[in-house]
Amino acid sequence: QAETELGVTTDLLESTTDADYAPNLQSFVDKGCNVIVTVGFLLADATKIAAEANPTVQFAIVDSNTSAPNVQGLTFATDQPSFLAGYMAAATTTTGIVGTFGGINIPPVAIFMQGFAKGVEYYNAQKGTSVKVLGWDIAKQDGTFSGDFQDQTKGTSIAKSMADEGADIIFPVAGPVGLGASQFAMDSAGAVKIIGVDVDMTISNPTQAEVYVASVLKKIDAAVLQAVKDALAKTGGGTDYLGTLENGGVGVAITSTITPELQAELDAVTAGIIDGSIVTK
């Protein structure tokens, strides 16, 4: 998008292990790239080291904060849309039990799970209900994790375990591992539904679109485009970008049919999150 709209030349490298981080960054520096965007909390240390070694190059990193004067952190208040998803799940569950699990317990994952559980908690407080959340303990800030972001069989296993405990809506925050949960939902003949993460999963995973009731959106594309714009304008270094419901950097795509009454409640909750009267963390 930056290439099309801003006329820049782009290049791409994908790391297969953490040993690739530093060489890939150095490769871009050697090519003369003046804007380098890294993707993922796990690249934070390598990005900081590369930025400090190359102070004239502008860096940006998805899912981490500013770490040097020439690094722009691209962060997302994903607790906000996750809270809405939790509220919706609590309102639509037929068993009174919902679940969430993550890939690894790192901040960009845990923030989704915390927001989701807080949304269920808020619904219970408003409605006098007792919808239960499997997979996350708000007080302990810990829960169920697959241990990686790749092994889909783990997602299937965790989803089955939660379904066995009665969960009928599950929110995986685990990258491709979550696709294993989606496959389990497909095989459940409608007994289990899934809330997607990061992107609208009905679009990114169309063969399993029927299992998704909603997706929590982290609009990385908007953040990266803004980072390139900021770098070109030389205004981005050392300043975090935070995607929120208010600025459109995060959101929820509801892909199931909900009642007008529930939509009105979600709109009211959204307004409360934006004005600060509802706390999502």
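A crossing of two helices is called right-handed if the near helix is turned clockwise from the far one by less than a right angle, and left-handed if anticlockwise. In the predicted model considered here, helix 6 passes helix 7 in just such a right-handed crossing.

Two packed helices are conveniently described by the angle between their axes and the distance between the axes. For helix 6, which spans residues 152–164, and helix 7, which covers residues 177–187, the axes approach to within 6 Å and cross at roughly 50°. Since this angle falls outside the ranges for roughly parallel (under 35 degrees), roughly perpendicular (65 to 115) and roughly antiparallel (over 145), the two helices are therefore oblique to each other.

Turning to the residues involved, helix 6 contributes Gln152, Lys154, Gly155, Thr156, Ala159, Lys160 and Ala163 to the contact, and these meet Val177, Leu179, Gly180, Ala181 and Phe184 of helix 7. Sorted by class, this contact of helix 6 with helix 7 holds 6 nonpolar, 4 polar and 2 charged residues.

The backbone also offers a couple of points worth a look. Gln141, located in the loop between strand 6 (136–137) and strand 7 (142–143), has a positive phi, near 55°, although the residue is not glycine. With a relative accessibility of 41%, Gln141 lies between the 20% and 50% limits and so counts as partly exposed. Asp198 likewise is a residue other than glycine with a positive phi, here near 75°. Asp198 belongs to strand 9, residues 193–198, and its relative accessible area of 28% means that Asp198 is partly exposed.

Key:
Residues are numbered from 1 along each chain as its sequence is written. This is a predicted model: local features need pLDDT of at least 70, side-chain atom pairs count only at pLDDT 80 or more; totals for chains, interfaces and linings use all residues. Side-chain values use heavy atoms; hydrogens and water are left out. Axes are lines fitted to C-alpha atoms, for helices over the stretch in contact, and angles run from 0 to 180 degrees between N-to-C directions. Helices (H or I, at least four residues) and strands (E, at least two) are DSSP runs, numbered from the N terminus. Contact means heavy atoms within 4.5 Å. Ala, Val, Leu, Ile, Met, Phe, Trp, Tyr, Cys and Pro count as nonpolar, Asp, Glu, Lys and Arg as charged, and the others, Gly among them, as polar. Buried means under 20% relative accessible area, exposed over 50%, partly exposed in between (1.4 Å probe, protein chains only).
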